[in-house]
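Here are my notes on the model you asked about, set out as numbered points. I hope they help as you look through it.

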Amino acid sequence: MHPATHPTDSAPDGRIYRTALLRRRLVRGLLAAVVALPLVGAAAACGDDAASDGKTKISIFWWGGEARAGLTEQALELYTKKNPDVTFEKTWQANQGYFDKLATLTAGGNPPDIFQIDDNFLAEYAARNTTLDLKSYQDSGKLDTSKFPPSLLQYGVVDGKLAGLAAGENTQGLVYNKTLLEKNGLPEPTTGMSWEEHIAWAEQVSKKTGVPGTQDPSADYKAFWVWLRQQGKDLYSGNDLGFTAEDVTAWFELWKGARDRGATPPPDVIHEGNATDITKQLVVTGKSATSWVWVNQMPELKKNTADELGVIAYPGDPSGQWARASMYWSVFRGSKNADVAVDVINFLANDPEAVELLGTDRGLPSNLDLRKVISDGTTDEAMQQSIEVENKLAETFGESPQVPIKGHSKVRAELTKAAENAQFGRATPAEAAAQFVEACKAAIAS
Amino acid sequence: MALTTAPDPTRRGTGSVRPDATRRGTGRIRHGEGLAGYVFLSPWLIGLMGITAIPMLLSLYLSFTNYDILTPWSEVEWVGLANYERMFTNDPSWWHSVGVTLRFALIAVPLKLAAALGVALLLNRAWRGVGLFRGLFYLPSLLGGSVALAIVWVNMFNREGAFNSFLSLVGIQGKPWVNDPDWALETLMVLAIWQFGAPMVIFLAGLKQVPTELYEAAAVDGAGRFRQFVNVTLPMLSPVIFFNLVLETINGFQGFTAAFVLSNGTGGPVDSTLMYTLNLYITGFTDLEMGYASAMAWVFLIAIALITVVFFSTGRFWVHYSDGEEH
């Protein structure tokens, strides 16, 4: 502090008196500012919400890359063009960290009116009543689902409530490196091969090319799920697991056999490929000839490799697969502009121009009429491939399973842990399976 | 202002009181001055309350509830000690993360301090260009807990990484270090040890404080280099060692960024890098069990406080303060 402001003398002369006065004023001024600042902030915040000019601002939040952001922004601009009173506050980011942020926004009482969500979290949000039940809008016709495949629509229903509207459809896809196979004169795998045949084929690929034939999907819940359905089981049944420790043991044994035969990469490479990041999938990093992905990821995978890629269904009976909502649009239950928000997601699903803009970035369009238009019009080869495979599979799709229950994210993490334990030889398949089932039970009970 | 009013410990008991201090507090402006103090403190005070104190108290409350982020506050249920009970009796992954964190801290912290002291001894000489080396050795710790550094580390220590290329030059078959559950944590330890710059600089400053007469006297008494180090350097340096030990231990327990990046936020492979803070983060933000995560945070806080208390209470047996006062 400056010495001049420090009255060290007991008999103040005029100068010190003046500084004291001055300081007192300064203090009051500062105090006033400190007190007033939050008020100003609050007033400004109020100003945001007040729709005094009849305009509505809808906040919308999604994850994805830049391409998706561009397409979505165009579609939303189109909506504003048709409804000049509605504008958007758009936020998007990469997949990693998206759900942390969404949860934090919700906790802060400031969730977006519309948000993108997937089946890993839909039940978590729906069970806690964070999502608006869209049933009444569907009944009143404000949300048109008449052109949706019934099973796809059903896959957005949690506890009898329509918690999310499918923003696109996809299904499991086994992507393989065509170039590598052709170069070595090897046959391409086909849909309908049994799991045994797939592993035998992969073993042959490993021997001939030196590149492991297939990624080991034992840590991958979506592969495990298809396999379970083919055994007449399921991932979940009501609020319980749809499988037993014996099922898991058989699944882990199957892949232990494949590893022992050299059909898969070593465990550390399998671990690398277990990352959900598209750029780390082994088929594009060249560390295996096949990867277990979703069909709509084909175009994105294609961008990360110079090789030709092919895509088929997972091994076994293709009816184990189903029309999965690749992601949903959900509306926040507390949204002040819920009606407008529902109209926006209706627009994104059913407006011909909007659907054409969005293309197949979020999966095949949910509206079957418009899906046909898009499929016929596309020129992107990777996209054509994924549409073709999915259209073919649509004939054999099985019934949709129930949406994964609360605790699903933990179940996924536990499956990865158990499978890697077995892969690194730290546990036998039976031990790993027992640990997994026990951990799952704890996860879905809490 | 804080400097002039803080009690000066070195003057304790000497009876010397600052002359101006007696006059203060008697004037009429005392009230206004206190107010002014608070006004000037207010940015910090508001920050402390808003960002630290109030959230901490809230998390203490939440640790006794089943709060899950998405549920509105009004519907949060009080569950008593259930979260704490679950942690100690019914959560193997919590115990696992405690083990991982202890292993990390017990190995990485002593080695880091040893490296810092060793290099500080080497650099505490009047060589030409020694300043450059001090700068170079300090550089890694400037990068701190950065994400970029962790990404570099992953790429250096994976199967095709630079480290294995180097090993193969000398005919050693490397391992997929970061992707091997037996080695992933050790790779993180190496990263932590490599960033020894901050304690090193503090050691250097400490070494400069040791009076050269002591070494001369020891040399006259016939003490060799090693004896000088053990009987002069270490005791004289003990307050600095103590300071670094406390600080680095706390830092070591809180390691997060590198483990998060290396494992894509999962703590893998096979939970080998599931540090306490990472486990806490996953519990709170992925599994959405924020009440339970709050309880974990409080146990963590208390554990670190206890460890620090243990350090301070053992300190008087081996830490020597050269100012002649007993502390």
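**Notes on the predicted model**

1. Let me start with one residue. Tyr84(B) is found in helix 4 of chain B, which covers residues 82-89. Please keep in mind throughout that this is a predicted model. Is Tyr84(B) partly exposed or buried? Tyr84(B) has 17 C-beta neighbours inside 10 Å, and therefore counts as partly exposed; to be buried, a residue needs 20 or more. Tyr84(B) also serves as a handy ruler: Ala184(B) is 100 residues away from Tyr84(B) in sequence, and their C-alpha atoms are 29 Å apart in space.

2. Chain B as a whole has 15 helices and zero strands. Of its 327 residues, 29% are buried. Among the contacts in chain B with a separation of 6 or more, 68% are between residues 24 or more positions apart.

3. Helix 15 of chain B, residues 290-318, allows a simple check on its length. It has 29 residues, which at 1.5 Å a residue should span 42 Å, and its end C-alpha atoms are indeed 42 Å apart, so the two values agree. The buried residues of helix 15 include Met290(B), Gly291(B), Tyr292(B) and Ala293(B). Ser294(B), Ala295(B), Met296(B) and Ala297(B) are buried in this helix too.

4. Turning to chain A, you will find 19 helices and twelve strands. Buried residues account for 46% of the 446 residues in this chain. Of the chain A contacts with a separation of 6 or more, 74% link residues 24 or more positions apart.

5. Strand 3 of chain A, residues 114-117, is worth a look in the viewer. Which of its faces are covered? Both are: Ile114(A) and Gln116(A) are buried on one side, and Phe115(A) and Ile117(A) are buried on the other. Strand 3 runs parallel to strand 1 (residues 56-63) of chain A, with two bridges joining them. In this pairing, Phe61(A) stands opposite Phe115(A). Strand 3 is also joined to strand 12 (residues 324-331) of chain A, by four bridges, and these two run antiparallel. There, Ile117(A) stands opposite Tyr328(A).

6. The domain assignment splits chain A into domain 1 (56-168 + 326-394) and domain 2 (172-321 + 407-445). The C-alpha centres of domain 1 and domain 2 of chain A are 29 Å apart. Where they touch, 14 residues of domain 1 of chain A are in contact with 14 residues of domain 2 of chain A. Helix 17 (residues 381-394) of chain A gives the most to the domain 1 side, with seven residues. By type, the residues on that side divide into five nonpolar, seven polar and two charged.

7. My last point concerns the largest nonpolar core, which has 164 residues. Those touching the most other members are Ile114(A), Leu122(A), Val175(A), Tyr328(A), Ile345(A), Leu188(B) and Leu262(B). Helix 5 (residues 92-123) of chain B gives the most to this core, with twelve residues. From chain A, the core draws at least three residues from each of domain 1 and domain 2. What does Leu188(B) contact, leaving aside its neighbours within four places in sequence? Leu188(B) is then in contact with Phe104(B), Ala258(B), Ala259(B), Leu262(B) and Thr273(B).

Technical notes:
Residues numbered from 1 in each chain as written. Chains lettered and ligands numbered in written order. Predicted model: local features only at pLDDT ≥ 70, side-chain atom pairs only at ≥ 80, totals over all residues. Buried ≥ 20, exposed ≤ 12 C-beta atoms within 10 Å, placed from the backbone. Contact = placed C-beta atoms within 7 Å. Pairing = 2+ DSSP bridges. Expected span 1.5 Å × (residues − 1). Domains from an automatic or database assignment. Nonpolar A, V, L, I, M, F, W, Y, C, P; charged D, E, K, R; others polar. Core = buried A, V, L, I, M, F, W, Y, C linked by C-beta atoms within 7 Å.
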